[in-house]
Amino acid sequence: MLKKIIIIGGGPSGLTATYDCAKRKIPAICFESDNMVGGISRTVERNNFRFDIGGHRFFTKIRQVNDLWDEVLGEDFLLRHRLSRIFYNGKFFNYPLQPANALSGLGLFNSFLIGCSYIKSRLFPALPEENFEQWVTNRFGSRLYQTFFKTYTEKVWGIDCREIRAEWAAQRIRGLSLWSAVVNALFKKNTTIKTLIDEFHYPRLGPGQMYETMAAKAKEMGGEVRLNHCVKELHHKDGRIKFALVSTQEDDICQEGTDFISTMPISSLITSLCPCPPQKVLEAARSLRYRALLTINLLIDAPQQLPDTWIYVHDPGVKMGRIQCFANWSPHMVPDKKSSLGLEYFCWENDGLWSMSDRQLLQLGKKEISSLGLIDTDKIFDGFVIRMPKCYPVYDEYYANHIMTIKSYLQQFENLQLCGRYGLFKYNNMDHSILTALYAVENILGAGHNVWDVNADDEYHEEELSSPESG
Ligand SMILES: Cc1cc2nc3c(=O)[nH]c(=O)nc-3n(C[C@H](O)[C@H](O)[C@H](O)COP(=O)(O)OP(=O)(O)OC[C@H]3O[C@@H](n4cnc5c(N)ncnc54)[C@H](O)[C@@H]3O)c2cc1C
């Protein structure tokens, strides 16, 4: 039977599926609800300044993904040097931590106490190891946990570290202890890891350029990408999705397909199904939580004042979690002799921070950046706010059960493939999101990949000491 694939979402995973189908000459339509492609990995332009939603590093150990990125962007895929530091207690600490730098920042006595608390944790580990606090403390000691993990992690997640599953820490900072971190830092033998840490790829005009180009190339090869098309309902019968009800700016359309690839948040997928799934599946979907992100983006009439690509702000005195210096990601992100900052605030959709007006948020951002004393704030001449409601799938103590309930219900649909970060409710970076999309297309063609296994057990995340990345 001739295939017609309907792809929901025009972020990295949906566009990868679209591009791959176009290359294989399989008819496919990608519906994107927003007025631009890229999803969370988009780039937003304002007066020739470009901003990511957070900073998006391109790094991977997956050959297919690297090849795809190279194929799409060619020479515009730059190799960039990374400098990221932690700002804590008025001081900068290199990130990944380097023993000599950390020692001088923390002071000898404090470092001695960190060593003692590490030995104590090794002798008397907290067992069973169920939550983030126990996982980190068992490997780094409680004092280092308090200094470099707790504040930032709680800013990111908005919940006590004891409510975060140990599994999340294991996924993000796997296989590392204080001892191996010190050995790594002193005798950096693993050049692959070192390269992954010190350098990264980045499109000349930001991550959006990668996905805008991917969409354009998919279209050139016959693929379709329709913006401002939101999939509202997926109608099914006898274990097959029959058609999507898609709302456009004018009206609603029904789109039939032989196969469907969904990258929309799995909770939205469940509530879009007609007829409705059983109550317990709906409950499971509604119980999944996502952490939101808002960025306060500042335009500055001066060259870049900081050397960093980004800074983790561990200081508990400010709400800000991270600072992005986009001119250092790529000089083409800002006009000549100008610079910008992206201040990241982790929050819940509709909480106090989220509900502040843009004007109040801009004031907050300027006040906080000024209180840190990092740049000359007089040169800030404009700013704007971006709100992203679903950014981080929250791995709380219940999520795994909810996902199991949802997965076993969805198994009945033989022509539905899930992929991406929110499609699978997995803390996937772009490369893993993309790999699941490549697998989804192959599955439609008869392969038997289990997309849930991607990013489950391959050695990948940054093997370095400090707070886990919040990508
Ligand atoms: C702050 C932050 C920093 C990050 N940094 C990095 C990094 O440095 N490196 C890295 O590799 N990864 C990073 N990531 C992860 C990366 O953003 C994701 O892996 C990637 O964007 C996931 O792609 P996706 O296509 O699965 O999902 P999305 O990017 O969310 O795309 C999904 C798309 O589907 C659309 N959509 C949703 N519902 C519907 C609907 N009903 N109908 C039609 N369209 C719909 C959305 O509008 C969206 O465009 C970061 C993430 C965050 C939040």
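Begin by selecting Ser433 together with the ligand: in this predicted model, a polar atom in the side chain of Ser433 sits 3.0 Å from an oxygen atom of the ligand. With the ligand still selected, display its surface, of which the protein covers 93% of the 1000 Å² of accessible area that the ligand has on its own.

Next, add Glu32 and Gly55 to the selection, and look at which part of each residue faces the ligand. For Glu32, an N or O atom in the side chain is 2.6 Å from an oxygen atom of the ligand, whereas for Gly55 a polar backbone atom is 3.2 Å from an oxygen atom of the ligand.

Now widen the selection to the whole shell. There are 34 residues around the ligand, and those that come nearest are Ser13, Glu32, Ser41, His56 and Arg57. Colouring the shell by class will show 17 polar, 13 nonpolar and four charged residues. If you colour by secondary structure instead, look for helix H1 (12–23), strand S10 (230–237), strand S19 and helix H17 (430–444), each of which supplies at least two residues of this shell.

From the ligand, strand S19 leads on to the sheet. Select the seven strands that form this open, mixed sheet, and follow them in the order S7-S6-S16-S17-S18-S15-S19. Strand S7 (91–95) and strand S19 (380–393) stand at the edges, and because each has a single partner strand, one side of each is left without a neighbour in the sheet. When you turn the view, compare the directions of neighbouring strands, which are turned by 25 degrees against each other on average, direction ignored.

At the S7 edge, zoom in on strand S6 (residues 84–88), which pairs with S7 in the antiparallel sense over five bridges. Within this pair, select Tyr88 and look for Lys91 of S7 opposite.

Keep the sheet on display and add helix H6 (residues 142–157), which lies across S6, S7, strand S15 (290–300), strand S16 (310–313), strand S17 (322–324), strand S18 (339–347) and S19. To judge its orientation, draw the axes of H6 and S15, between which the angle is about 95 degrees.

For the last stop, select strand S11 (residues 240–247) and strand S12 (residues 252–256), which run antiparallel and are joined by five bridges. Trace the backbone from S11 to S12 and you will pass through the four residues of the hairpin that joins them. Finish on Ser247, which stands opposite Asp252 in S12.

Methods:
Residues are numbered from 1 along each chain as its sequence is written. This is a predicted model: local features need pLDDT of at least 70, side-chain atom pairs count only at pLDDT 80 or more; totals for chains, interfaces and linings use all residues. Side-chain values use heavy atoms; hydrogens and water are left out. Two strands pair if DSSP finds at least two bridges between them. Axes are lines fitted to C-alpha atoms, for helices over the stretch in contact, and angles run from 0 to 180 degrees between N-to-C directions. Contact means heavy atoms within 4.5 Å. A residue is near a molecule or strand if one of its heavy atoms lies within 4 Å of it. A polar contact is a pair of N or O atoms within 3.5 Å; within protein, one must be able to donate a hydrogen and the other to accept it, and residues adjacent in sequence count only if both atoms are side-chain atoms. Accessible areas come from the Shrake-Rupley method with a 1.4 Å probe; for residues, only the protein chains shown count as cover. Ala, Val, Leu, Ile, Met, Phe, Trp, Tyr, Cys and Pro count as nonpolar, Asp, Glu, Lys and Arg as charged, and the others, Gly among them, as polar.
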